[in-house]
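Me: I should like to learn how to read a ligand site and a domain interface in a structural model. May we work through one example together?

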Amino acid sequence: MKPVMLSAVQPTNKLTLGTYLGALKNWAKLQHQYDCLFFAVDLHAITARQDPKVLRENTYRAIATYLASGIDPDHCTLFVQSHVPQHAQLSWILTCYSYMGELSRMTQFKDKSSKQGQNIPTGLFTYPVLMASDILLYRTKLVPVGEDQKQHIELTRDIAGRFNNLYGEDIFTMPEPYIAPIGARIMSLQNPASKMSKSDPDLNGTLFLDDSDDLILKKVKRAVTDSGSEIVLADDKPGVKNLLTIQSAITGKSIQDIVATYVGKQYGHLKVDTAEICVQAIKPIREETERLMGDLTHLNGILKRGAESARERAQKTVALVEERLGFIPG
Ligand code: TRP
C-alpha cells in the first residue's frame, strides 16, 4: 500500500506558472509514487464572494489545467471538493473540536480578515478546519503545500491528536507537510520579493497558464532586474535569481549550469531566453486546457469517477468518527 498524498488548489482565478512549477508539475510525478488525491476546493473558494459564472468556469479550468499538466485520473483520484459532501460533514464535527484561540492565531486568517473590513465571514475563520477535514478524511500521510500553508497542517495535527486522544488512536492519521526536494518558489516578475500570485493586482508580475505567447514574451521582457549587469546568483539580485529559477524549474538544469552559459552576457539575453522557455512550457498546457474546456461532458465524466471513489473512501472515515462519537446508525 502506497502512502496517501493529498493536495488541492482554490479555483478562485486562473492558475499561474508559479502553481505549475511549484505544484502541478511535481504532482504529475508524485502520482506514480503515492496514493494521490488532488482536487479543486470550491467550498474554500466561497469564503470570499464569487460570481457563480466565474466560479463555475474557474473550477472546470482548474481541473482541465491539472489534466493538461500531466495529472492522470488513471493514476490518482481527481475531483471537486463539493462533490464529496463528507468534507463539509467532517468539517462541522471538527469545528466542535477546534478552539477559537488556535483559529485566531492563523496567519492567513489574520491577513485576510484584516483586509475585509466589518463583515468577516465566519467561513474565513473556520477555513482551516475544512482544510483539516480535507486531509483527515483520507488518512493522508503527506501534504504537498507551500510555506504559507504549513501552519494549517500543524493545526490539522493538533485537531487530529486531540480527537484521537478522546476517541481512539486508530481514527486519524497524522499528516505531514511534504516539501518538494526541488521546491521551485517562483516570485512575481514585477516584485521578486513576493510570491507569484494569481491574485496580484499587478497583472504584469504573474504569468497565467492561459497567457498568449505574445503576452508571455511581453511580461518576461518587462520583468524587473537588479542593479549591476552581471548574471550571477546573489541575494542582492532577486530579479535575476527569479528568472534563473524559472529556467531551472522548467528545463531541469541546475542554476549553476545555467549561470555558466551567461558569462559575458547581459540581462537582455537572460530575459529573451527565459521568455522563450516560458512560452515553450506554457503553450502546450494552454492548448490542451482549451481543448479540454471544449468538452465539458468529458470533464464531467472524469469528475464523476473521481468523486465516486473519493466519497467511498471518505465515508469510511465519517462512519467511524460518527460511531465513536455516539451517533446512532441511520
Ligand atoms: N488552503 C490551501 C491553499 O490556499 C488549499 C487547500 C484546501 C488545501 N484544502 C487543502 C491544500 C488540503 C492542501 C490540502 O493553498
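Me: Which atom of the ligand lies 2.6 Å from a polar side-chain atom of D134?

Reply: The model is a predicted one. One begins with pairs of N or O atoms within 3.5 Å, which count as polar contacts. Here the partner of the D134 side chain, at 2.6 Å, is a nitrogen atom of the ligand. Y127 also places a polar side-chain atom 2.7 Å from a ligand nitrogen, and for Q149 the corresponding distance to a nitrogen atom of the ligand is 3.0 Å.

Me: How much of the ligand does the protein bury?

Reply: The ligand taken alone exposes 370 Å², and the protein buries 89% of that area.

Me: Which elements give two or more residues to the shell around the ligand?

Reply: They are β1, spanning 4-9, and α7, spanning 122-136. Helix α7 provides four residues, the largest share of the shell. The ligand is surrounded by 13 residues in total, and H44, Y127, M131, D134 and Q149 are the closest.

Me: What is the make-up of the shell by residue class?

Reply: Eight residues of the shell are nonpolar, four are polar and one is charged.

Me: Let us turn to the domains. Where do their bounds fall?

Reply: Domain 1 consists of two segments, 4-184 and 296-325, whereas domain 2 covers 203-290. Their C-alpha centres are 31 Å apart.

Me: How is the size of the interface between two such domains expressed?

Reply: Interface size is often given as the accessible area that is lost when the parts come together. In this model, domain 1 and domain 2 bury about 1,300 Å² between them, and carbon and sulfur atoms account for 70% of it. On the domain 1 side, the residues that lose the most area to domain 2 are L17, R61 and A68, which together make up 38% of what that side buries.

Me: How many residues of each domain are in contact with the other?

Reply: The contact involves 14 residues of domain 1 and 14 residues of domain 2.

How values were computed
Residues numbered from 1 in each chain as written. Predicted model: local features only at pLDDT ≥ 70, side-chain atom pairs only at ≥ 80, totals over all residues. Heavy atoms only, no water. Near = heavy atom within 4 Å. Polar contact = N/O pair within 3.5 Å; in protein donor to acceptor, adjacent residues only side chain to side chain. Areas by Shrake-Rupley, 256 points an atom, 1.4 Å probe, with all protein chains shown as cover. Nonpolar A, V, L, I, M, F, W, Y, C, P; charged D, E, K, R; others polar. Domains from an automatic or database assignment. Contact = heavy atoms within 4.5 Å. Buried area = accessible area lost by both parts, 1.4 Å probe.
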